[in-house]
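I opened this notebook to look up how the helices of one chain pack together, and to follow a few residues in their surroundings.

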Amino acid sequence: MDDGDRHRQSRLVTDDDGTFDAERAQEESLPIEDGEVIDTDELADHQRYVEGRGVYDERNRVNDLTGREWKYATKSVIDEGYPPDVQHDLRSEHGGQKPPRLCAELIDRFSKTGDTVLDPFAGVGGTLLGASFCEHEGTGLREAIGFERNERWVDLYAEVLERENEERRARGVPPLAEQELQCGDCADLIDGIEDDSVDLLLTDVPYWHMDELEQTRNEHETRESKLGAFDGDEEEADTSANGDGSGTKAEWLEDMAAKFDRFAGAVTPEGHVVVFIGDMYREQSYEFLSAELARAIESTAPLTLAANLVWYDPTKDLHVYGYPFSFVPSMVHQNVLVFRLEDE
């Protein structure tokens, strides 16, 4: 653009009263940020205007978001219900699967285009699908690697990707990139990942499901109750990836902490570790698993808790628990723990 265009873009647009005229600015294709025209002449050398997105700062080491996008990404509550898409009928065979578009949003927040994302408890590949969505619905494609010890879920991810891409091609939409999903135990497969090679670890851990209590219930009863599930679905107890969550809570916490201690070595010094974990309510007691897991990981792995995000799903069904004798919460949220590596 020549100097004339630069000054046309950066001049203020006012109406007859001298106030900002947003409609006129839009008609003249002027860059607008928070209701004001961006003065492109005043941008620093490390800043650039991205049409439709705002001003991007080249010094951004965390992600590829503009300042405007960063502002909304720092909200501590993600209050969105994601539609049952991306072959949901297939993916829902795994009781603990997460919406790929939610994973894509988190990947956009904590990584940059071309970065490597690892999910050591991959399940049916929600993180992997999210990394692929970033190419078309985010800031850019990421390379994702997943570990899953259940061959059934590995095969299901392949089937989901195949069907989804068939439908996308039929609609004239670019297909999703295939990501790498390795079959095996994460405790073994992590040895094949080079140190400092992963920019973001995003995962949904297998949760503790009170093994002693489960033994007292038959399959039908377990599926009927939805109180203790990681995301409100008791079926997840039998479908968690890379670990069954059995044993005492202390054993579960110790096992998770030890695994994240090993995972941390693969993460770059500037990288993040982001973990889905739901709390539970059992036997008139609230199990604050998110806080206990965060404490266990911090005490064992070289990781520091940087934030706790809450994913609130406003579309989630409510259940009448305890009425009229006792207040029992109906879980409609999950915690998303955000860790960064400790400074050396």
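The entries below go from the whole chain to two helix pairs and then to single residues.

**Entry 1, the chain as a whole.** I note at the outset that this is a predicted model. I looked up the secondary structure and found twelve helices and 14 strands. Of the 344 residues in the chain, 48% are buried. I then turned to the contacts with a sequence separation of 6 or more, and 73% of these join residues that stand 24 or more positions apart. For the surface, I noted an exposed area of about 17,200 Å², of which carbon and sulfur atoms supply 45%.

**Entry 2, helices H5 and H6.** At what angle do the axes of H5 and H6 cross? I read roughly 70 degrees for H5 (residues 100-110) against H6 (residues 126-137), with the axes coming within 7 Å. Since angles of 65 to 115 degrees count as roughly perpendicular, H5 is therefore roughly perpendicular to H6. I also recorded the hand of this crossing, which is right-handed.

I listed the residues that meet: H5 contributes Pro100, Arg101, Cys103, Ala104, Ile107 and Asp108, while H6 contributes Gly126, Thr127, Leu129, Gly130, Ala131, Phe133, Cys134 and Glu137. Sorted by kind, the residues of this contact are eight nonpolar, three polar and three charged.

**Entry 3, how covered H5 and H6 are.** I next asked how many residues of H5 are buried. The count is nine of eleven, so H5 is largely enclosed by the rest of the structure. The buried residues of H5 are Pro100, Leu102, Cys103, Ala104, Leu106, Ile107, Asp108, Arg109 and Phe110.

H6 is mostly covered as well, with nine of its twelve residues buried. I wrote these down as Gly126, Thr127, Leu128, Leu129, Gly130, Ala131, Ser132, Phe133 and Cys134.

**Entry 4, glycine 130.** I singled out glycine 130, which lies in helix H6. Is glycine 130 buried or exposed? Its relative accessibility is 0%, and because buried means under 20%, glycine 130 counts as buried. Setting aside neighbours within four places in sequence, I found glycine 130 in contact with Pro100, Cys103, Ala104 and Ile107, and these four are among the H5 residues that meet H6. I also looked up arginine 142, which is twelve residues from glycine 130 in sequence and 9.0 Å from it in space, C-alpha to C-alpha.

**Entry 5, helices H11 and H12.** For a second pair I took H11 (residues 249-264) and H12 (residues 289-300), whose axes come within 8 Å and cross at roughly 50 degrees. H11 and H12 are therefore oblique to each other. H11 passes H12 in a right-handed crossing.

On the H11 side the contact is made by Lys249, Trp252, Leu253, Met256, Ala257, Ala258, Phe260 and Asp261, and on the H12 side by Leu289, Glu292, Leu293, Ala296, Ile297 and Thr300. I sorted the residues of the contact of H11 with H12 into ten nonpolar, one polar and three charged.

**Entry 6, phenylalanine 276.** Last, I went to a strand residue, phenylalanine 276, which lies in strand E10 (residues 267-277). Phenylalanine 276 has a relative accessibility of 1% and so counts as buried. How far apart in space are phenylalanine 276 and valine 336? I found 4.6 Å from C-alpha to C-alpha, although 60 residues separate phenylalanine 276 and valine 336 in sequence.

Technical notes:
Residues numbered from 1 in each chain as written. Predicted model: local features only at pLDDT ≥ 70, side-chain atom pairs only at ≥ 80, totals over all residues. Heavy atoms only, no water. Buried < 20%, exposed > 50% of the residue type's maximum accessible area, 1.4 Å probe, protein only. Contact = heavy atoms within 4.5 Å. Areas by Shrake-Rupley, 256 points an atom, 1.4 Å probe, with all protein chains shown as cover. Axes fitted to C-alpha atoms, helices over the stretch in contact; angles between N-to-C directions. Parallel < 35°, antiparallel > 145°, perpendicular 65-115°, else oblique. Left-handed = near helix turned anticlockwise from the far one by under 90°. Nonpolar A, V, L, I, M, F, W, Y, C, P; charged D, E, K, R; others polar.
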